Amino acid sequence: VAVLVHGSVVCPFCGCGCGMYLAEWGKGLFRAAGMESHPSSRGRLCYRGWQVGDLTSSPLHLTSPLVRRGTDLIECSYQDAIAYAAEALQRAKEVAEPIWVVGAPHLTNEEAFATARLASEVLQTPYKDSLARAADEAAVWHLQYALGEPYRTPPLEELGGRDLVLVLNSNLGTEHPQAYAWVMRAQQRGAKIVVLDEVDQGLGRLADVYVRQAPGWLEVAIEMFIQATTGLDVGAGQGNRPSISGAINAEALNQAGALLSAARAPAIVASSASLPTPASAAKIGELLLALRSGKAEDAQVYLMRSEANSLGVTLMGLAPAAGASVDLEGLLESDRSLSAMVVVDDDLGRWVGAEGLAQLRPRLGTLVVLSAFDSPTVQTADVVLPVATVGEREGSVVGQDGRVWWLEAVADAPGEARSVVQALADLSEQMGGEATGPELDKVWQVMTAEVMECSRLDLQSLRAGEPGMVHHGVLTQPTGSPDPANQPHEPLGRAEGREWVLVSRRDENSWAFDPRMRAANLLERDLRRTRAPYVYLNADDIGKLQTRAGRKVEVSTVFGTAEVEIRALEGVPPGVVVLPQQFADTRRTLMGGGEVVAPGGRWWRPVWAAVRASR
Amino acid sequence: MSTVKYFTISSRQLPQLLPPARALADSLIAPIRTLRGDILFSPTDGDKEVLWHYGNSLLTPVAYLYPPKEVLFEFELQEGQAPRLRYALDDQKRIIFGIRPCDTHAIAYLDKFLMGGDFVDNQYATRRMHTKIVTLACAEPASETCWCSCCEGGPIATEAFDVQLTPLGEVFLVEVAEGGQGIAEAWGDLLEPVQEGVEDLLALREAQAQRTKEAMKVNAHMAAAVRRVTAGVVPEGFWDDIGLRCAGCAGCSFVCPKCTCFNVVDELFAGGSGRRVRSKDSCRLAGYSLEASGHNPRPARSDRARRWSYHKLSYGYQQRNQYHGCVGCGRCVAVCMGGVDMPTVAKQVREVESSGTASAAG
């Protein structure tokens, strides 16, 4: 045992951005510890955060470059892999089909900047993006559209001082545990908690008022809250409308509306990835304005980003140029092809499922993957360059509140793995271009000179442990108009025999397909049995189907049929079936490719389903 | 533990204790402040950076004896041959300097749990044998979350230390146990032997300890909670509420100096070599109790919350191990997402109405 290294990093998973130390307890044996001085995490970490140390110097780390020979990926030298990738990408530039460059939402700012520069300067493609945009940016943009000004999530620690917290359609305990912790602290200090959700995954039972709305009715429910803040009796005024009376618990809504009207410093909290449509983000903005125009001038929205550096990677230019769109589901639905794709430290299977990736693969052209860990995307790549992961690379990240933190390296990347910045620089040089260069400090100089929001950041201060702050600039806007939907998104495909409503939500296993999870032995142990698709029903409904939890049911919708395991969850309302979002392939089978397509993202509307116990 | 001698030292001379102590060991581990202002126990050569007045560290220094991750052995596999195993016990000489009484108390428990039964944990035992403990007693609550007064974990250590330093105004009382004689000798003239008036100093220390206990903001009456859990009068529904609030992070276990659960994995490297790694685990995690058949006897968070709490609160465990399951360090208060840390649970166990359908301890 020799803890000689205490490096500080930011958790690379959800948008909470918790600070942590990585300590080495023996050669290559790292473990995370909470950082009490971090203003929003204060030493707390979630079950993913405590395991982050397992990623650093993991024995599952990719250590050797790989190139495809026929059906096999074979090890090769780093130089050969760079040369092969450069040659293939050069060829791809010369054909008509586009090249897409996709970066992970957890890349550091420098890595994201270098990735964007590779796309624009060397590959000369407008199709560059991070999957943060699908998860977060579209919701943020719709919120901004309603507010009429740039939006940034306030510091999480301020949540603890609120007198009312309204949680919308979000399972904070597992999606954003740090936000959950602050909500719990606010409650301990006397704040009222109101939960508005189609499914209660626990927080509803802890709330002062739980308002259940039928799937697809969130926007309408928020609209009724807006009316409630102006003193309308929403139960009397709207609840008598037949379409509403059955969809929203008007009595609870009135109670909640009364609490909301009385609050001086209320907070609205929602996870961007759990909002059912972009219109709901816009509605949240309208509610905020309504609250601020009343008694609550200090009302705030805490729209929680689902990915670690999703604000940062977007600021660094990892977003498509005007007119270009990097939409994996759209590509899947179309018959379009790419000439090549570069994936930087992410797994496409995490977003479109393993089957979706297999369907896409023949149309992706040359696939160059930079990755720290094995994944379905790595397995189908033409060239794989191993890269450093958390604890093995330096760099900065931007929290969802705009604070900038420096990540320290506590170990060298193993084997032939290089930093993302180095690998991209080598690739650029091989292709005859000069994107950013391999030196981190030079990348920093170029980045802070070009990205207006970063111009006041000071590298030395960041390295010394001081947080920086990005400017409040105008965030990149997706092209097109916001979703104007102001009516319920009624479930799709009603037909005789389909009497259940299927909704897609995040659950506690939503990270099961992140390849990094397999490197953490406790997470791998806990998540291993959650990778086969399952749905949640309440226990009574399972009984009505004359089956029991753990067995399988057949679910049929207008889109297709799938056989899945059933699990019992107390807060699922009668007649509702919840499909966890991470089962992208099953979701596509049962709910299509995302029926609500709005600038920057796709949303899956609820669908009517037939459910019967499998024989 | 037999205390052999008492000394005093002026608080101004404290930094001078470090170089002679360091000369006795391969490494001296002491509380330092990181760039960001956090307190961490770390091997250090810089006398100036060692803290003498500090709130307790979130990462327990007990981890230097029972680390959150360690290699049990390395192996080489060759076809047709028996695996070759290589054990490498950690016999580095260490002094853990400035450790708080609560953590010292945890070491006393670990000594019994990992070395005092039918099976001896060789990794722990080897490290323990080569480690000296210099405890820094608390003259005031080390942090707002301290509650050792309820758990007999402090503010003065009663065992497992080799030397204990207690601030008493301008001087520190130096209590040297049998294992600390070498350190005391190395300190030589820095220490002023207490020839007379030991009782007065101890009375002063006791009065100070009493004031420290009274100043603690967290007060949960562990013993009363133990009685209620042991009597089996805590209703089942109580744990449902705790489970509902628990975020399932297992942070309480990962920071607890007394939690000993671990997981073991074999890490394989190229060429047939590998190592068996033990890492800290938690009964708060779903996979911990998951059986190979797929059955999980503690499937819900409430089940696991009860299990964890009973391990801390049940008199059965106390009888077996002779210690409370908690030292009152308050780290779980700092890290708990849902506000259902040990003192909160103990307090609520004390206050919850009894039920006829009580949950059995254990």
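Analyst: Let's start with a term we will need: a salt bridge is a side-chain nitrogen of Lys or Arg within 4 Å of a carboxyl oxygen of Asp or Glu. Keep in mind that this is a predicted model.

User: Thanks! With that in hand, how many salt bridges are there between chain A and chain B?

Analyst: The count is three salt bridges between chain A and chain B. One of the pairs to look up is Arg525(A) with Asp281(B), where the closest N and O atoms are 2.5 Å apart. For polar contacts, the count between the two chains is 22 residue pairs, with both residues at pLDDT 80 or more.

User: Which elements give two or more residues to the side of chain A that touches chain B?

Analyst: Three strands of different parts of the chain are a good place to begin: strand 1 (6–10), strand 3 (30–34) and strand 17 (403–407) are among them. Helix 4 (172–175), helix 5 (177–188), helix 6 (203–206) and helix 19 (521–527) of chain A are also on the list. Helix 5 of chain A gives the largest share of that side, with eight residues. Sorted by class, the side of chain A that touches chain B has 23 nonpolar, 16 polar and 13 charged residues.

User: And how do I read the size of an interface? What is the area buried between chain A and chain B?

Analyst: The general idea is that interface size is often given as the accessible area lost when the parts come together. Here about 4,300 Å² is buried between chain A and chain B, and carbon and sulfur atoms give 56% of that area. In terms of contacts, 52 residues of chain A meet 57 residues of chain B.

User: Now a backbone topic. Where is a cis peptide bond found?

Analyst: The angle to read is omega. Gly154(B) and Pro155(B) are joined by a cis peptide bond, with omega at about 10°. Pro155(B) sits in the loop between strand 7 (131–136) and strand 8 (163–168) of chain B.

User: What about phi? Which sign does it have in His221(B), and is Ala250(B) buried or exposed?

Analyst: For His221(B), phi is near 50°, a positive value in a residue other than glycine. His221(B) belongs to the loop between helix 5 (198–215) and helix 6 (222–231) of chain B, and it counts as partly exposed because its relative accessibility is 43%. Ala250(B), also not a glycine, has a positive phi of about 70°. Its loop runs between helix 7 (236–245) and helix 8 (251–255) of chain B, and Ala250(B) is buried, with a relative accessible area of 3%.

User: How do I read the span of a helix? How far apart are the end C-alpha atoms of helix 14 of chain A?

Analyst: The idea is to compare the end-to-end distance with what a straight helix would reach at 1.5 Å a residue. Helix 14 (residues 349–360) of chain A has 12 residues, yet its end C-alpha atoms are only 10 Å apart, short of the 16 Å of a straight helix. Its buried residues include Trp351(A), Val352(A) and Leu360(A), and what covers the buried residues includes helix 3 (132–147) and helix 21 (584–591) of chain A. Now look at helix 11 of chain A: with 16 residues, it reaches 23 Å from first C-alpha to last, close to the expected 22 Å.

User: Why is helix 11 of chain A described as largely enclosed by the rest of the structure?

Analyst: Because 12 of its 16 residues are buried; the cut-off for buried is under 20% relative accessible area. Lys283(A) and Leu287(A) are among those buried residues. Ser280(A), also in helix 11, counts as buried at 0% relative accessibility. Beyond its neighbours within four places in sequence, Ser280(A) is in contact with Leu218(A), Glu219(A), Ile222(A) and Leu275(A).

User: Which residue makes a polar contact with the side chain of Asn309(A)?

Analyst: That partner is Asn109(A), side chain to side chain, at 3.0 Å. Asn309(A) lies in the loop between strand 12 (300–304) and helix 12 (310–315) of chain A, and at 0% relative accessibility it counts as buried. Its contacts outside its neighbours within four places in sequence include Pro105(A), His106(A) and Val397(A).

User: One last item: how far apart in space are Val383(A) and Glu75(A)?

Analyst: Their C-alpha atoms are 10.0 Å apart, with their places 308 residues apart in sequence. Val383(A) is in strand 15 (residues 383–386) of chain A and counts as buried at 0% relative accessibility. Setting aside neighbours within four places in sequence, Val383(A) touches residues including Leu66(A), Tyr84(A) and Val368(A).

Conventions
Residues numbered from 1 in each chain as written. Chains lettered and ligands numbered in written order. Heavy atoms only, no water. Contact = heavy atoms within 4.5 Å. Buried area = accessible area lost by both parts, 1.4 Å probe. Polar contact = N/O pair within 3.5 Å; in protein donor to acceptor, adjacent residues only side chain to side chain. Helix = DSSP H or I, 4+ residues; strand = E, 2+ residues; numbered from the N terminus. Nonpolar A, V, L, I, M, F, W, Y, C, P; charged D, E, K, R; others polar. Buried < 20%, exposed > 50% of the residue type's maximum accessible area, 1.4 Å probe, protein only. Expected span 1.5 Å × (residues − 1).
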